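Hi there,

Here is the structure I promised to pass on. My notes follow just below it, and I hope they are useful.

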Amino acid sequence: MHKTVQDILNMKKEKKKISVITSYDYTLASLCDNSGIDVLLVGDSAGMVMLGYENTIPVTMDQMCMFTEAVSRARKNSLLVSDLPFMSYQASIEDAINNSGRLIKAGADAVKLEGGSVMAETISAIVDVGIPVMGHIGLQPQTTVLSQGYKVQGKTKDTAMRLIEDAKELEEAGVFSIALEMVTHEVAKIISETVSIPTIGIGSGVGCDGQVLVVQDLLGMYDKIKPKFAKRYMNLSEDIVKSLKIFKKDVESGVFPAAEHWFSMSEEELKKLREQIGS
Ligand code: KIV
């Protein structure tokens, strides 16, 4: 049985840190799931790292459902949370419920959406139909980026107070956890100590109850943006490019394929074939 929302809630009570990693495809999701990662997040960052968009705005529900289905085929152990993309939940509560339902039918256990107190009513409505919701405050790539760019959130007393209030209102609305993106570490720590649900930080310091990274950042596979907060555990692009260059050379020189990579017919059948075609 895979992890449940309740397991994630219990981790905070037991003071166990929560590991979250983004996943979008079957192959990498299988590796993440096998590694014991607590939560696989099908983030709308898929639009950037998988589809090459400049930001997450163009991502559609159909795309998120496709990524969610692929990850759910791989998932055996982790909790699976999927992002509601831009404009799939903001226009009406009906949209929010219907689109959350689509992600659940695609294989998610819970959905994530961006926004503070303005989203409280929408979140309550989704939770009321039985769908667990993860909140997301601080830098909100679907909207903050449009107005401010990628800026650290909660640097002043007033913006910090707003974030703390948002977190409290999301908890009241029924979220089971809150992602805190690029929030100053002091404010992230205060929020984590204030709410009873787990906080999952990205660029928000060690005071959060868990941490999330985009898998391509962690593996060193996405070079377009290199956020300060994204720790690279390896430089996979380098190894991939090295391997591809060797493959190209091997093809050109005839080193690949070798006998162990091809299939043969019997001498007898080959002889008959040659007789028939007269060679
Ligand atoms: O889309 C995403 O990957 C996210 C995480 C970075 C929190 O929302």
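**The ligand and its shell**

Two nonpolar, four polar and three charged residues make up the shell around the ligand (Ala, Val, Leu, Ile, Met, Phe, Trp, Tyr, Cys and Pro count as nonpolar, Asp, Glu, Lys and Arg as charged, and the others, Gly among them, as polar). This is a predicted model, where local features need pLDDT of at least 70 and side-chain atom pairs count only at pLDDT 80 or more, while totals for chains, interfaces and linings use all residues. Residues are numbered from 1 along each chain as its sequence is written, and side-chain values use heavy atoms, leaving out hydrogens and water.

Surrounding the ligand (a heavy atom within 4 Å of it) are Thr22, Leu41, Gly43, Asp44, Ser45, Asp83, Lys112, His136 and Ile202. Ligand oxygen atoms lie 2.5 Å from a side-chain N or O atom of Ser45, 2.8 Å from one of Lys112 and 3.1 Å from one of Asp83. On its own the ligand has 260 Å² of accessible area, and the protein covers 94% of that (Shrake-Rupley method, 1.4 Å probe).

**Cysteines**

The count of disulfides is zero, a disulfide being a pair of cysteine sulfur atoms within 2.5 Å. Cys32 counts as buried because its relative accessibility is 8%, and Cys65 is buried too, at 7% relative accessible area (buried means under 20%, with a 1.4 Å probe and protein chains only).

Best wishes

Note on methods: Buried means under 20% relative accessible area, exposed over 50%, partly exposed in between (1.4 Å probe, protein chains only). A polar contact is a pair of N or O atoms within 3.5 Å; within protein, one must be able to donate a hydrogen and the other to accept it, and residues adjacent in sequence count only if both atoms are side-chain atoms.
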